[in-house]
Amino acid sequence: SIVAYRMTVTDEIDFDPQTFTYRNIGSSLHRGIEASVAIATDARISPRATYAWTRVADTAAPDHQLKNIPEDVAQLMLHGRISATTSADVIYRWRHGLSLDDAGTFVTPDVSRVDLRVTHDMGRLRLQADVLNVFDAHYNELGYVLLDFKGQPTPLQFPAPGRTLRVGVGF
């Protein structure tokens, strides 16, 4: 599947880290393409891929991606049926083009991580276990640029969690 979109937003509200308040940035233009493909979905092993290109800019500065919105995000997944009730997934995620400021001065490095998921169905219950960030990649999830005491722009970033186990039950 593939989807393309273009949307103009008026009176968009954005967080201003300098004043720790929200402000109206006027209008912004949102453009993007999202695509996904799943191959051999009925097979015991099925590869899947998704990709999203997102361009979000203030209409007053159309060449700059708004902060904390990655321009490219891709995901490759290998889905395997272990039995009729149990499946496992290996998921590779990649992110590119995340800026900490609307001017695009502070761009974060690309991020890659691998996740694992195992699900088991028991009647109407679904048990699920995820190991997120299997290889304990160190990266920052998002951030802002603030002025230090000398008035110099300084990036402030929030680290993503390291390797994490998440267990869930669905009904």
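Which residue in the turn of the hairpin formed by strand 6 and strand 7 has a positive phi? Gly 123 does, at about 65°. The legends below describe a predicted model.

**Figure 1. Overview of the all-strand model.** The protein holds 10 strands and 0 helices. Along the sequence the pattern reads β-β-β-β-β-β-β-β-β-β. The radius of gyration is 20 Å, well over the 16 Å that the globule rule gives for 171 residues, so the protein is more spread out than a compact globule. Along the principal axes, the C-alpha atoms fill a box of roughly 60 × 35 × 30 Å. Of the 171 residues, 29% are buried. The accessible surface amounts to about 10700 Å². Carbon and sulfur atoms account for 62% of that surface. Take the contacts between residues at least 6 apart in sequence: 47% of them join residues at least 24 apart.

**Figure 2. The hairpin of strand 6 and strand 7.** Strand 6 covers residues 111-122, and strand 7 covers residues 125-132. The two run antiparallel and are joined by 7 bridges. The hairpin leaves 2 residues between the strands. Gly 123 sits in this turn, with its positive phi of about 65°. Further along the pairing, Arg 117 stands opposite Asp 130 in strand 7.

**Figure 3. A salt bridge between Arg 126 and Asp 121.** Arg 126 forms a salt bridge with Asp 121. Their closest N and O atoms are 2.7 Å apart. Arg 126 is partly exposed, with a relative accessible area of 41%. Asp 121 is partly exposed too, at 28%. A separate network can be shown alongside: salt bridges that share partners join Arg 93, Arg 113 and Asp 115. The structure holds 7 salt bridges.

**Figure 4. Strand 5 against strand 6.** Strand 5 spans residues 86-96. It runs antiparallel to strand 6, and 10 bridges join the two. Arg 95 stands opposite Val 111 in strand 6.

**Figure 5. Glu 71 meets Arg 55.** The side chains of this pair form a salt bridge, at 3.6 Å from N to O. The pair links distant parts of the chain, 16 residues apart. Glu 71 belongs to the loop between strand 3 (45-58) and strand 4 (72-81). Arg 55 lies in strand 3. Is Arg 55 buried or exposed? Its relative accessibility is 14%, so Arg 55 counts as buried.

**Figure 6. A salt bridge from loop to loop.** The side chains of Lys 67 and Asp 102 meet at 3.3 Å, N to O. Lys 67 lies in the loop between strand 3 and strand 4, and Asp 102 in the loop between strand 5 and strand 6, so the salt bridge ties together parts that are 35 residues apart in sequence. Lys 67 has 11% relative accessibility and therefore counts as buried. Asp 102 is partly exposed, with a relative accessible area of 22%.

**Figure 7. The aromatic pair of Tyr 144 and Phe 158.** How many aromatic pairs does a search of the whole structure find? The search finds 1. The ring centres of Tyr 144 and Phe 158 are 6.3 Å apart and the planes meet at 80°, so the pair is edge-to-face. Tyr 144 lies in strand 8 (residues 140-147) and Phe 158 in strand 9, so the pair ties together parts that are 14 residues apart in sequence. Phe 158 is partly exposed, with a relative accessible area of 37%.

**Figure 8. Pro 159 in strand 9.** Strand 9 covers residues 153-159, and Pro 159 is found in it. This proline is exposed, with a relative accessible area of 63%. What does Pro 159 contact, leaving aside its neighbours within four places in sequence? Its partners are Tyr 139, Asn 140 and Glu 141. Ser 112 serves as a second reference point for this view. The C-alpha atoms of Pro 159 and Ser 112 are separated by 14 Å. Along the chain, these two residues are 47 residues apart.

Terms used. Residues are numbered from 1 along each chain as its sequence is written. This is a predicted model: local features need pLDDT of at least 70, side-chain atom pairs count only at pLDDT 80 or more; totals for chains, interfaces and linings use all residues. Side-chain values use heavy atoms; hydrogens and water are left out. Two strands pair if DSSP finds at least two bridges between them. Helices (H or I, at least four residues) and strands (E, at least two) are DSSP runs, numbered from the N terminus. Buried means under 20% relative accessible area, exposed over 50%, partly exposed in between (1.4 Å probe, protein chains only). Contact means heavy atoms within 4.5 Å. Rings of Phe, Tyr and Trp (its six-membered ring) pair if their centres lie within 6.5 Å; planes under 30 degrees apart count as stacked, over 60 as edge-to-face and the rest as tilted. The radius of gyration is taken over C-alpha atoms; the globule rule is 2.2 Å times the number of residues to the power 0.38. Accessible areas come from the Shrake-Rupley method with a 1.4 Å probe; for residues, only the protein chains shown count as cover. A salt bridge is a side-chain nitrogen of Lys or Arg within 4 Å of a carboxyl oxygen of Asp or Glu.
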